[in-house]
Amino acid sequence: MAKVIGPGSLIADVTGFAPHLPAAGETAKGTTLRFGPGGKGSNQMTAAHRAGADVKMISCRGNDFLGMMMHDFYVREGMSEEYIRADDSFETGSALIEVSETNAQNRIIVILAANEKVGREAVFAAEKEFSDADAVLAQFETTPEAVLAAKELAKKYHKPFILNPAPCIPMPDGLYDGIDYLTPNETEAELLTGVKVETEEDCRLASEKLFALGVRNVIITLGSRGAYFRNPEKELFIPAVTSVKAIDTTGAGDAFNGGFAAAVAEGLPVEDALKFATCAAAISVTRLGTGPSMPQREEILALLKEEFGLTL
């Protein structure tokens, strides 16, 4: 079984659904409130796990009721907590999410809390797992030190390093140099490069700027328009799956990244890996929530065959 490892966030989602998102100063009448497991790191690792990979996430949570909710989810999923530190003195990370029932768009406030305790030492405590991993996956919901440490160990053991630069925050100079796959969405690509990504030519210009930072392969996720891939030798555009009805887009990017990491870990060609990830994201938006919305491998394979004529 392919193996994915990396530092990542554990965040309990508190999600409110309403017919429309309130404007500043407005109180909007909602319809449903849900508590659920989330965090970009946890969501992406859940997606990779359900897509068929063995996952090891390096993280931290409190022993509060939100932390126990995360623990219970991992037990049900059969996912390892070996490198997830639980501490009575920490508050579990949380996210306040608003979702429009009209167009499935969302707004999110993330409170990192215990995730800010995930640093270099925690990553190196799991070094043995990097030596036989097949891919390393990271995001920006822990600390810069954790991301740099994961990149360092990926390089040491010659493993592909996938970085989802979300949420987009200032990071140390040189972080992007040598990254195997960088996966920003349009907004993050603009923040990183200064290029407003609206057209295919914008994608090219943004990717050129990311190559100049040392990134080897650029993937810009474009929501309902699909995903753009480029490296110095190849350019691809993978269309979005349009046969599904979106009801909650909150976890779509995480489904894409986790699915892509699992596919890369399996050794799939990049075009097939992108199509696999696209199908994972498409299924996730048809369900409420983030972690629980991640699709199972058999669902991804069925959609992959239906949409792209690809059988794995």
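This is a short conversation about salt bridges and surface exposure in a predicted model.

User: What should I keep in mind about how the values were made?
Analyst: Happy to help: residues are numbered from 1 along each chain as its sequence is written, and side-chain values use heavy atoms, with hydrogens and water left out. Since this is a predicted model, local features need pLDDT of at least 70 and side-chain atom pairs count only at pLDDT 80 or more, while totals for chains, interfaces and linings use all residues.

User: Why is leucine 33 called exposed?
Analyst: Exposed means over 50% relative accessible area, buried means under 20%, and partly exposed lies in between (1.4 Å probe, protein chains only). Leucine 33 has 55% relative accessibility, so it counts as exposed. Leucine 33 belongs to strand E3, residues 32-38; strands (E, at least two residues) and helices (H or I, at least four) are DSSP runs, numbered from the N terminus.

User: What makes the contact of aspartate 180 with arginine 216 a salt bridge?
Analyst: The term asks for a side-chain nitrogen of Lys or Arg within 4 Å of a carboxyl oxygen of Asp or Glu. Here the N to O distance is 3.0 Å, so the pair fits that definition. Aspartate 180 sits in the loop between strands E9 and E10, and arginine 216 in the loop between helix H7 and strand E11, so the bridge ties together parts 36 residues apart in sequence.

User: Are those two partners buried or partly exposed?
Analyst: One of each: aspartate 180 has a relative accessible area of 15% and is therefore buried, whereas arginine 216, at 46%, is partly exposed.

User: How do you know that arginine 230 is buried?
Analyst: Its relative accessibility is 18%, so arginine 230 counts as buried. Arginine 230 also forms a salt bridge with glutamate 208, where the closest N and O atoms are 2.8 Å apart. Arginine 230 lies in strand E12 and glutamate 208 in helix H7, so the two link parts 22 residues apart in sequence. Glutamate 208 is partly exposed, because its relative accessible area is 39%.

User: What makes glutamate 266 and arginine 297 a salt bridge?
Analyst: Their closest N and O atoms are 2.6 Å apart. The pair ties helix H8 (residues 252-266) to helix H10 (residues 297-308), so parts 31 residues apart in sequence are joined. Glutamate 266, at 34% relative accessibility, counts as partly exposed, and so does arginine 297, at 23%. Elsewhere, salt bridges that share partners join Glu200, Glu201, Arg204 and Glu235 into one network.

User: How many salt bridges does the structure hold?
Analyst: The structure holds 17 of them.
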